[in-house]
Amino acid sequence: MDLDTLLSFEWGVMAPEFIILGVATLLSIIDLFMKRESSRKPLAWMAGAGVLAALVSIFLQLDHEVTSILYDTYRLDSFSKAFKILLLLGTLLVLVLASNYKKEDLEENRGEFYYLLLAALLGAMMMASSADLITLFVGLELLSLASYIMAGLERKNKRSNESAFKYVVSGGIATAITLFGMSYVFGLTGETNLFKIAENMGEVELLKHGFLLVFAFIITFAGLTFKIAAAPLHMWAPDVYEGAPVPVTAFLSVVSKIAGFVIMLRFIIITFIAAAGIDGDPLLLQVQPYIMALAAATMIIGNVTALRQRNIKRMFAYSSIAQAGYILVPFVSNSSLLFELIWFYLLAYLFMNIGAFTVIQLLTSQERSNDVSVFRGLYRRSPWLAVPMTFFLLSLAGIPVTAGFIGKFGIFMGALGLQPAHYWLAAVMMATTLVSYVYYFNIIAIMFFRDEEEAKVSVPPGMAAVLAFCTASILILGVMPDLALDFFYGNFDVNEFFMRIEDEVHTHTH
Amino acid sequence: MLQISWLIPLFPLLSFILLLIFRKSRSEGTAWIGVLLTGISLVLSVGIWLAVWQGDEIKTEGTWFHIGERAITMGFEVNPLNALMLVIVSLVSFLVHLYSKGYMHGDERFPVFFAYLGLFSFAMLGLVLSPNLLQLYMFWELVGLGSFLLIGFYYYKPEAKKAAKKAFIMTRIGDVGLFIGMVLLFWQVGSFEYDDIFASVQNGEISSGMLTLTALCIFVGAIGKSGQLPLHTWLPDAMEGPTPVSALIHAATMVAAGVYLVAAMYPLFQASETALTVVAVVGGVTAIFAASIGLMQKDIKRVLAYSTVSQLGYMMLALGASGYVAGIFHLTTHAFFKALLFLAAGSVIHAVHTQNIEEMGGLWKKLRLTGLLFLIGALAISGFPLLSGFFSKDEILASTYADGRYGLFWLAVVAAFMTAFYMFRLFFLVFTGKPRGNQSKVHESPSVMTLPMIVLGVLAVVAGYLNTTWFGTFLSDYLAKGPVELPHGDHHGPGWIPIVATAASLLGIGLAYLIYQKETLSRSWLSRMFPGLSHIIYNKWYVDEGYDATFVKGTKGLSKLGVLFDRYVVDGLVASVTAGVQGLAKAGSRLQNGQVQSYGTAAIFGLVILLLIVALTGGYFS
Amino acid sequence: MSSVPLAAYLLLALILFCIGLFGALTKRNAVIVLISIELMLNAVNINLVAFAKYSINPGLTGQIFSLFTITVAAAEAAVGLAILIALYRNRQTVNVDEMDMMKR
Amino acid sequence: MNTWLLSILIFSPLLGVLVLIFTPSHDERSIKWIGILGTLFPLGTAIVTLSAFNMSGGGLQLTERFQWVSYEVFQSKGEVSYPILYEVGVNGLSMVLILLTAVVSVLAAIASFSIKQNWKSYFILFFLLEMGMLGVFAAQNLFLFFIFFEITLIPMFFLIGRWGYLEKEKAAYSFLIYNGVGSAILLIAFVAMFMKTGTMNFEQLAYTFALPQSELNQMLITKNFKMGMLIALLVAFAVKLPVAPLHSWMVRVHVQAPPPVVMIHSGILLKIGAYGLIVFGAGLFPDQFRSLAFIVGLFGVINLLYGAFLAITQTDVKRVLAYSSVSHMGIVLIGLAAVNEAGMTGAVFQVVSHGLISALLFFLVGVLYERAGSSELRTFGGVAKRMPIFAGVMLAGGLASLGLPGMSGFISEFMAFLGLFEEMPILAAVGTLGLILTAVYVLRAVLSITFGAEKELPNAYDLSPTERIPAFALLAAILFIGIYPAWLSDMLRPTLDAILLGLGG
């Protein structure tokens with residue numbers, strides 16, 4: 001590969017990534033030269049501006065036709081655009097949270113936080129655009145490594161340390177498992193490019209190795225459940241969420257989770273769509289029961305265990321496990337709705353979860369406690385905090401007029417739409433949703449039914465903006481979901497996801 | 001003339017509404033509203049009766065609402081039977097209104113009382129005018145409401161409350177029977193109209209089993225309303241209401257509604273021999289059963305109440321024994337003399353402020369008029385010759401005999417003897433002998449009370465001549481014009497029947513005279529002869545106690561059982577589900593032990609299980 | 001040349017992976033846990049390299065993949081150790097089973 | 001104008017919310033006035049709607065529809081094969097229920113004088129609840145129905161949990177979870193039907209399911225599927241109705257919720273269950289419904305008797321009324337099980353009638369609680385002495401409840417039983433036992449409060465003029481329907497005929 005080839009690539013399509021990379025680098029340098037005691041707020045603003053710029057550049061790319069560079073390791077297609085928007089939006093909101101995070105211990109580390117966040121975001125965006133096992137893996141690790149450090153950012157906080165360490169160990173094991181599975185996928189097909197893998201999957205030779213392929217699939221899938229905090233690799237989540245600073249928790253539960261789903265979609269759908277499993281039957285159909293079992297287990301474990309939590313962050317950890325279970329449901333049925341269902345649900349989830357963490361951050365840092373009792377009488381103390389929180393919780397519980405309901409409804413459509421309809425899975429989903437009512441409404445009850453005269457909660461303008469934005473989004477998407485759906489259908493073409501760009505490099509040489 | 005007959009019930013209704021509006025008025029002049037309006041009803045009723053006497057009839061109906069294509073109608077009908085009832089009801093109602101003006105003097109809810117009377121009269125007249133079963137049923141229930149309200153008029157008395165409740169529920173049991181019968185008939189006939197029902201019966205469109213079933217169900221309704229065995233227990237308790245109420249509702253009109261119902265539905269009963277037999281047997285047994293209880297009661301009104309039950313039994317017996325005319329005839333005469341008796345008793349109570357006959361005695365001198373009227377009533381009910389009761393009772397006995405029900409016939413004769421005995425026991429204990437209570441302030445009732453009694457007294461004497469073998473059978477000729485085809489054959493039995501009846505009556509009077517007036521025989525003479533029996537009779541055959549031990553306790557027991565079921569089984573199931581989920585949650589959080597290595601172990605464990613299942617189900621090892 | 005069959009490499013990798021896994025899940029010393037994880041990643045590398053040569057579809061990319069894996073594993077170990085040091089400063093212990101402040 | 005009428009009606013309570021938001025929360029007087037006026041506006045709109053409604057015309061009227069949510073299912077770009085529309089419309093049945101909702105809401109708002117705190121949020125929730133109820137009855141597709149159905153849950157949860165009595169939170173949870181179970185089952189069934197047929201519209205669904213089986217097989221709609229759906233729907237609405245043994249939440253709510261809320265709950269919300277059973281159960285799966293009729297009837301009779309038996313020994317008048325509601329909802333089932341004109345009409349009449357009666361009775365209990373701070377039967381006695389009007393209205397309400405002719409309760413009981421007697425006489429005969437038991441417990445409760453020796457109450461004063469409005473209005477409505485049922489039955493006939501046509505009855 002000479003310089004010509006290198007220059008022949010249409011680097012412009014990577015503009016968002018470059019912006020993030022540039023800002024992250026810039027921030028780290030500026031941070032180096034800033035005085036230790038001076039506020040890091042400007043860094044937050046810069047990071048935010050960078051993310052916004054990246055977001056703008058993606059919107060500018062919306063009409064861009066599907067392109068791939070670097071030998072199809074980097075793709076600009078509808079899928080990557082759609083999910084990058086989510087990632088960037090999520091990070092933007094987390095940045096607001098982070099810049100308002102008050103804990104004296106964190107002050108000295110602030111600067112790192114912002115560029116680590118951007119690095120993690122970069123990894124996630126790489127995953128969204130990658131079409132090669134190697135780049136996918138690198139993106140994944142970039143995200144992971146940055147997240148490990150962020151979890152332990154409160155250096156003097158024992159809980160934060162412990163959280164980070166648990167995260168590293170669990171993450172390491174998960175990475176090893178994922179890689180182990182991937183190595184078999186590579187071994188059987190001899191390719192790392194996802195499309196080429198898919199192509200080789202059709203080989204007759206492979207029919208003999210159906211078992212190995214199914215094993216490889218399940219091992220990889222299980223490894224990937226780590227990022228989305230689904231069974232079987234979900235158990236780290238409560239501990240890590242509890243110990244990490246709130247903005248990091250928000251990041252892990254939203255952006256990192258979205259990234260996890262991105263890689264799952266990329267890896268599973270492209271590579272295995274035509275694969276044959278045991279006895280030559282379609283592999284995806286064959287593994288359906290296992291994904292179903294994992295989804296069901298995730299929903300049950302998440303929702304049921306959340307019942308006993310008194311620590312609000314832990315409760316939300318289990319809640320987010322459960323939400324991951326819901327989003328796994330479309331994977332089971334694999335309907336043509338797959339992408340928009342997951343996209344819409346994640347969009348809704350982004351707003352409701354970040355919204356909820358905003359309130360949690362405000363309350364826990366004011367009261368220096370993570371117990372659910374921080375919500376006591378919130379309606380009396382700060383109705384403008386209690387009401388949005390109620391909407392977030394309702395949305396998480398999937399009550400109509402919120403985006404969460406539309407998302408859940410869509411998932412149902414997916415689960416019951418194809419033959420065979422997955423009634424049992426739908427039933428488990430509904431039953432566990434009911435269980436979730438108990439703990440979500442418990443918070444509502446604490447906010448509204450327990451009167452307590454306590455200090456009002458002061459809300460910085462940035463947080464208020466996040467709250468207003470999230471609440472409005474949830475309600476608007478709940479009442480007029482077509483705003484989002486039309487945007488999706490109008491700008492993204494699902495088919496691009498499967499479109500392999502042949503020998504694109506050659507057409508651009510010279 | 002007949003077109004306006006629908007107005008008759010509306011006047012009392014108007015009275016009800018007006019009086020409710022003037023509910024708070026302290027003026028007792030409000031009574032005149034009720035009197036006046038029922039008076040108008042009375043005039044109209046009499047006019048209509050006269051028109052019907054001439055052979056007029058009318059039936060007008062309009063659609064009330066639709067059930068699918070079927071129209072449910074409402075309207076009114078006037079035929080000989082109900083024209084007669086109209087007169088009886090409006091007359092007694094009018095008289096009772098008048099009487100109450102004096103009786104209720106000083107009561108703080110004076111207008112309310114008259115309002116209730118108006119409501120009752122409205123319902124009763126409406127019932128009588130109904131051209132179909134559904135409408136009848138509705139008024140039937142409203143009549144029950146009126147009765148309920150009036151029994152419970154002294155709402156602050158626990159006994160009144162209990163009695164009102166009991167009356168409502170007991171009659172409700174009967175009503176449900178009527179309801180079932182009515183609905184069953186509807187699906188057989190496709191209509192609630194009497195005419196349609198009778199036409200179907202005549203055309204044989206209804207199977208005989210269904211005929212009997214529906215007839216019996218309807219009869220259950222009559223049993224409830226008319227206080228027949230086994231649903232009679234509410235009627236004596238209903239005496240907790242003011243005495244004019246007892247006269248109007250629990251003697252003359254409402255309790256007779258059961259008899260009226262059977263008479264109105266007579267073609268249906270006629271079509272089923274079984275049904276008629278049941279009616280006759282229930283009537284006969286009730287007649288003697290209630291009479292036996294009447295022998296030993298100490299409350300003046302309760303004696304009269306049991307007497308009412310007994311007499312209603314007579315009427316049922318007559319109807320069951322194909323004595324249609326006899327039944328209606330007795331209904332008419334009974335309405336007059338029993339109302340008279342009650343009003344007279346009311347007059348006594350008004351004077352002495354007690355109902356216990358043991359505390360009365362020797363009132364003849366002080367209440368001369370009342371005593372005289374009471375005596376007329378007692379003679380009439382005892383079947384003393386030439387008074388109204390004599391003729392009607394005679395006719396019942398005759399038709400029973402003619403129908404070949406000899407057992408029931410002798411039962412009725414014994415009952416007649418008992419009636420005579422307890423009525424005169426009552427008379428002697430109240431009016432003769434020495435005063436046993438404080439009678440210092442006793443004085444005769446005002447004329448507003450005595451006047452209605454006099455009217456009734458006259459009627460109690462002369463009403464019998466409506467239908468006699470001697471002067472003419474006006475009533476049966478009149479009733480023959482109605483829709484009911486009267487049973488054929490001579491129901492004037494052998495000539496010795498009046499003699500036997502008279503003998504039984506005189507025997508009863510004589511015995512009472514001997515015991516209570518002359519005191520030649522000790523009062524406890526009879527009870528010493530049959531100690532067990534008298535004990536049972538004294539305790540009213542333990543029917544109330546029996547019901548209490550079975551139905552009331554049973555219902556309460558079931559209810560308590562239900563509560564336990566609700567608490568432990570229904571809620572228990574929910575609790576166990578909750579506990580299950582909680583247990584799962586506990587287990588889940590126990591797994592979360594804070595050791596990152598055990599998390600990994602769990603994950604690997606899960607993964608291995610998945611792989612094992614793949615291997616096993618995929619047949620890897622096979 | 002091809003006297004050693006692919007299965008042998010795979011078996012070796014599997015055994016190595018399992019040893020690593022066992023170490024990661026049972027050792028009390030946090031450093032050993034991190035090293036065990038490295039062992040697991042290296043097992044993957046053996047897989048990749050073996051597949052790249054002997055697979056039914058041999059391909060060069062496997063070796064490249066393994067290069068990336070090695071790099072990333074190094075980064076991961078570095079981050080892990082850094083975090084461990086921070087932890088040790090606060091808790092004066094590297095025993096994994098003592099790190100259970102947060103549970104249930 | 002008419003084209004938007006129904007939507008204006010549904011969302012009209014939001015006007016009240018809007019005004020309230022800008023009202024200072026300490027201004028009790030204006031808030032309460034806005035609360036009452038805010039419910040009058042929907043009532044007025046409902047009356048306008050009624051006048052625009054063609055009584056004799058069958059089918060849907062005043063319909064509105066437009067595209068709403070577009071998941072592009074199994075289609076290439078731009079086409080929506082599974083459209084989710086916003087569709088509203090009224091037929092006779094829903095018109096009646098909408099009217100009932102509007103009326104009871106106004107009266108409940110008037111009755112809300114007993115609310116002691118947080119009037120502002122109370123009325124905001126109250127309006128949202130009313131909007132949900134109006135929407136439920138006007139919705140013409142499953143999606144919209146479900147949304148409004150759920151909308152009613154949340155305000156209720158708050159209204160119970162915040163303004164209720166001692167065990168309010170537990171009651172609120174009970175309410176939420178039980179109804180959650182119902183709506184969960186409902187959602188699964190709705191989505192399953194939607195995915196099979198491609199439509200959510202009631203009429204289109206009914207049309208589709210009525211196709212011959214050979215055509216249905218092509219759409220993979222088997223008989224078992226239909227049966228499964230029906231059972232799911234029946235269970236879902238059985239929770240709402242409620243049918244024993246799923247009733248304990250309702251008892252708890254009736255005991256713990258504040259009286260005006262119970263008026264709404266017992267008066268209207270329970271009726272959503274009945275409405276659902278009629279529209280979805282009998283309307284969509286007539287054949288299957290017919291084959292399950294006996295079971296429905298059996299449950300109806302069990303409900304009737306179970307509720308009645310339990311009501312007999314309750315010591316708290318609220319519990320008596322709660323079990324009485326269980327019992328009376330049995331009559332709805334009985335009417336439905338008859339699957340004929342009489343039964344269906346009876347069921348709907350019972351829905352309306354019980355709505356009015358229970359609203360009245362709970363209102364009175366609220367008054368009682370206001371006076372005495374208790375609803376235990378033994379606290380009371382001889383109330384008629386110092387509160388004669390109250391006692392009279394209470395007695396009238398009780399009598400209406402036990403089905404006295406001339407009042408609405410009679411017509412509904414009569415028709416429901418009339419219907420059942422045609423189809424299952426024995427079952428019906430067993431059911432009539434309930435009529436007696438009803439008399440027993442109603443009289444026991446009413447008489448032990450109003451009759452008997454007078455017991456001291458802290459402040460026993462008769463109904464105030466404000467209190468008389470709801471009491472008399474409800475009583476008048478009860479009497480009106482009882483005396484002139486044709487007004488209702490004529491309005492219902494075209495709708496019920498259409499449903500019965502499907503049932504082949």
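Is helix α13(D) mostly covered or mostly uncovered, and how many of its 27 residues are buried? The views below take up this helix and its surroundings in a predicted model.

**View 1. Helix α13 of chain D is mostly covered.** Of its 27 residues, 20 are buried. The helix runs through residues 286–312. From first C-alpha to last, α13(D) reaches 36 Å. That is close to the 39 Å expected at 1.5 Å a residue. The helix also bends: a kink of about 55° is centred on L292(D).

**View 2. Chain D as a whole has 21 helices and 2 strands.** The radius of gyration of chain D is 22 Å, and the globule rule gives a close 23 Å for 505 residues, so chain D is as compact as a globular protein of that length. Its C-alpha trace spans about 75 × 60 × 40 Å along the principal axes. Buried residues account for 67% of the 505 in chain D. Consider the contacts in chain D with a separation of 6 or more: 80% of them join residues 24 or more positions apart.

**View 3. An annotated span in chain D covers residues 139–431.** The name comes from an unreviewed UniProt entry: "domain: NADH:quinone oxidoreductase/Mrp antiporter transmembrane". Over this span the chain is 82% helix. Strand makes up 0%. The end C-alpha atoms of the span are 34 Å apart.

**View 4. An annotated span in chain B covers residues 130–419.** Here too the record is an unreviewed UniProt entry, and the annotation reads "domain: NADH:quinone oxidoreductase/Mrp antiporter transmembrane". Residues 130–419 of chain B are 77% helix and 0% strand. Their end C-alpha atoms lie 34 Å apart.

**View 5. Chain A meets chain C.** In this pair, 38 residues of chain A are in contact with 35 residues of chain C. Three elements of chain A each give two or more residues to this side: α6 (133–151), α7 (158–189) and α10 (236–243). The most comes from α7(A), with 19 residues. By class, this side of chain A has 16 nonpolar, 11 polar and 11 charged residues. Among the 5 pairs of chains that touch, chains A and C have the most contacts.

**View 6. Chain A also meets chain D.** Here 31 residues of chain A are in contact with 28 residues of chain D. The elements of chain A that give two or more residues to this side are α17 (403–417), α18 (423–449) and α20 (482–491). Helix α18(A) gives the most, with 11 residues. The side of chain A that touches chain D has 23 nonpolar, 5 polar and 3 charged residues.

**View 7. Chains C and D do not touch.** Chain A is in contact with chain C, and chain A is in contact with chain D. Between chain C and chain D, the nearest C-alpha atoms are 25 Å apart.

**View 8. Q323 of chain A sits in helix α13 of that chain.** This helix of chain A covers residues 312–333. Why does Q323(A) count as buried? It has 32 other C-beta atoms within 10 Å, and 20 or more are enough for a residue to be called buried. A229(A) is 94 residues from Q323(A) along the chain. In space, the C-alpha atoms of Q323(A) and A229(A) are separated by 9.5 Å.

Notes:
Residues numbered from 1 in each chain as written. Chains lettered and ligands numbered in written order. Predicted model: local features only at pLDDT ≥ 70, side-chain atom pairs only at ≥ 80, totals over all residues. Contact = placed C-beta atoms within 7 Å. Helix = DSSP H or I, 4+ residues; strand = E, 2+ residues; numbered from the N terminus. Nonpolar A, V, L, I, M, F, W, Y, C, P; charged D, E, K, R; others polar. Rg over C-alpha atoms; globule rule 2.2 N^0.38 Å. Buried ≥ 20, exposed ≤ 12 C-beta atoms within 10 Å, placed from the backbone. UniProt positions renumbered as here; feature names shortened; annotations may be inferred. Expected span 1.5 Å × (residues − 1). Bend = angle between axes of the 7 residues up to and from the residue.
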